[in-house]
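Colleague: I would like a close look at a single part of this model. Please take one strand and its surroundings, then add a few other places for contrast.

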Amino acid sequence: MRNSDARPQFEGGGGSSARPMRAVDRGGFVDRHGLWDEAAFAAAGQMRRVMDEVGIEMVRFAFVDQHGILRGKTMTRDAVPGVLRSGLTAPSSLLLKDTSGKSVFDVFSVDTGVAVPGLGGAGDIVMVPDPATFRVVPWARRTAWILCDLYFPDGRPVPLCPRQILRTQTARLAEAGYELTAGAELEFHVFRLPDVPLDAGRLNAPGAPGLAPAVTPTSTGAQLLHEEGLDSLDELVQILHDGLRGVDLPIRSIEMEFGPSQLEITLAPDGPLETADNVVLARSAIRQLCRRHGYHATFMSRPAGTQTASTGWHLHQSLRSLATGRPAFPAERGDGTLSEIGMGYLAGLLEHALAATAFATPTVNGYKRYLPYSLAPDAVVWGLDNKGAMVRVVGIAGDPNTRLENRSGEPAANPYLYLASQIISGLDGITCRLDPGLPTENPYAPGAQRLPRSLAEALDAFEADEAFRSALGGDVVAWYTTIKRAEFARYLAYVSDWEQREYFGLL
């Protein structure tokens, strides 16, 4: 019996290049520009069958913007075949805004100020679904989720699309003969959300976000990995476990962290694109699940009232040789932990740490985390199984699981750009045969180069780094720094509560 996606042999339905695409689907944007490979066509056919089997009526088509935020549209079941055939349009201006939704560039001009043709006039870009990312959303009835890549209407990839940026850097790594495996530890805060109606004070405007919601703590803090503390949040733990597993995310653990209201999840390691997809979906899933059950989850690194322990994103990474299939990081003998390739990659992470911080810690708030003795790094150093160092080396000689753990990132980082920054840095270290020097025995000792003290410092380093400019292109560097500098300028212009308390009554 033939399903609705199969084609007769005379229509090209057999052989190694069989595509589950109906005749009516041919000639669409995806087919015309050759944007899917055989695996994508097969995944699209499987997606249709799953939608039939579980009764999906709405699909959320989303892309990830420059800030790591999901943007997109929810389409009805009847509209899905057309979206799979020809994509879905969205305003190009979404790529030209800061975190408040304020346009940083002249979005209605033909020349927006970004040296990328096709962004003028707030015209359309095309969201092309990646069928391999299709997931059923268990907390929303009859709803599914799928991630998209961005293209111009003439079929060109949008070079500012974070998924495209990571794909490009992954391809560069493959050309050098290596494949990255990445694992994520994401810390976050969950607060109780009182049942207070939305009022005018919380309404947003571009450049002027409304007030944050009022919240109360969920745990007392200061007891790392406290089993009874986690048990006291069992309702929340069950919600998160069931939701994340239900949306097919590879969650490995849910842990009680050190700070009040602070939790952590770990995800199973995978390839860079898969890991980035998993992180962005996990963050959105956690926030949606919590909101539906009277909680507020935030991946902001240091919310007000959480000074004892900021949250971070610890990014584990290792390389595998494409030629041999073997891990590339472990030393073969007992005279060290890392191989020459591993040492070069590590040296690259250190050499370009200041520039990479613009991607690893892209918010003003994240820099309040870089403090000594704070369970976070504040200097560009590496250590052997030392959790105060920026890069922690885990493993022993001959251990196939030997890896590097970069502890400098914040959980709000755009996962595609964070991972791209690691590939750019590590690959340059390998290519240039850089030396990381000796491991630290005291990561908070004075004398080592400090991580940037502000987003502005990180952007200066990013803009000046030739390895990043060469890998990303000057247009991408200029686009990103312009957006983030505008965000930082708004921060500097704001009169804070600290300034009011410090000076208003005294001077």
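Modeller: What follows starts with one strand and its partners and then turns to some other residues. Please keep in mind that this is a predicted model.

The strand is E9, which covers residues 262-267. How many of its six residues are buried? Six of the six are, so the strand is mostly covered, buried here being under 20% relative accessible area. Both faces of E9 are covered. On one side lie Gln 262, Glu 264 and Thr 266, and on the other Leu 263, Ile 265 and Leu 267; all of these are buried.

Which strands pair with E9? One is E7, residues 178-192, which is joined to E9 by five bridges and runs antiparallel to it. In this pairing Leu 186 stands opposite Ile 265 of E9. Another is E8, residues 251-256, which also runs antiparallel to E9 and is joined to it by five bridges. Here Met 256 stands opposite Leu 263 of E9. E8 and E9 form a hairpin, with five residues between the two strands. In that turn, Ser 261 has a positive phi of about 65°.

Now for the other places. Ser 93 is in the loop between strand E3 (88-91) and strand E4 (124-129). Ser 93 is nevertheless buried, with a relative accessible area of 10%. Apart from neighbours within four places in sequence, Ser 93 is in contact with Val 107 and Ala 122.

Leu 384 belongs to strand E12, residues 382-384. Is Leu 384 buried or partly exposed? At 46% relative accessibility, Leu 384 counts as partly exposed. Setting aside residues up to four places away in sequence, Leu 384 touches Thr 337, Val 393 and Pro 439. The C-alpha atoms of Leu 384 and Leu 438 are separated by 9.9 Å, and these two residues are 54 apart along the chain.

Leu 507 is found in the segment after helix H14 (497-503). With 77% relative accessibility, Leu 507 counts as exposed. Together with Trp 498, Tyr 503 and Leu 506, Leu 507 makes a nonpolar surface patch of about 520 Å².

Last come the cysteines. A search of the whole structure finds zero disulfides. Why does Cys 148 form no such bond? The closest cysteine sulfur, in Cys 161, is 9.5 Å from the sulfur of Cys 148, which is too far for a bond because a disulfide needs the two sulfur atoms within 2.5 Å. Cys 148 is buried, with a relative accessible area of 2%. Cys 290 is buried as well, at 1%.

Conventions:
Residues numbered from 1 in each chain as written. Predicted model: local features only at pLDDT ≥ 70, side-chain atom pairs only at ≥ 80, totals over all residues. Heavy atoms only, no water. Patch = residues over 30% accessible without salt bridge, like charges linked within 9 Å, V, L, I, M, F, W, Y side chains within 5 Å. Areas by Shrake-Rupley, 256 points an atom, 1.4 Å probe, with all protein chains shown as cover. Salt bridge = Lys/Arg side-chain N within 4 Å of Asp/Glu carboxyl O. Helix = DSSP H or I, 4+ residues; strand = E, 2+ residues; numbered from the N terminus. Buried < 20%, exposed > 50% of the residue type's maximum accessible area, 1.4 Å probe, protein only. Contact = heavy atoms within 4.5 Å. Pairing = 2+ DSSP bridges.
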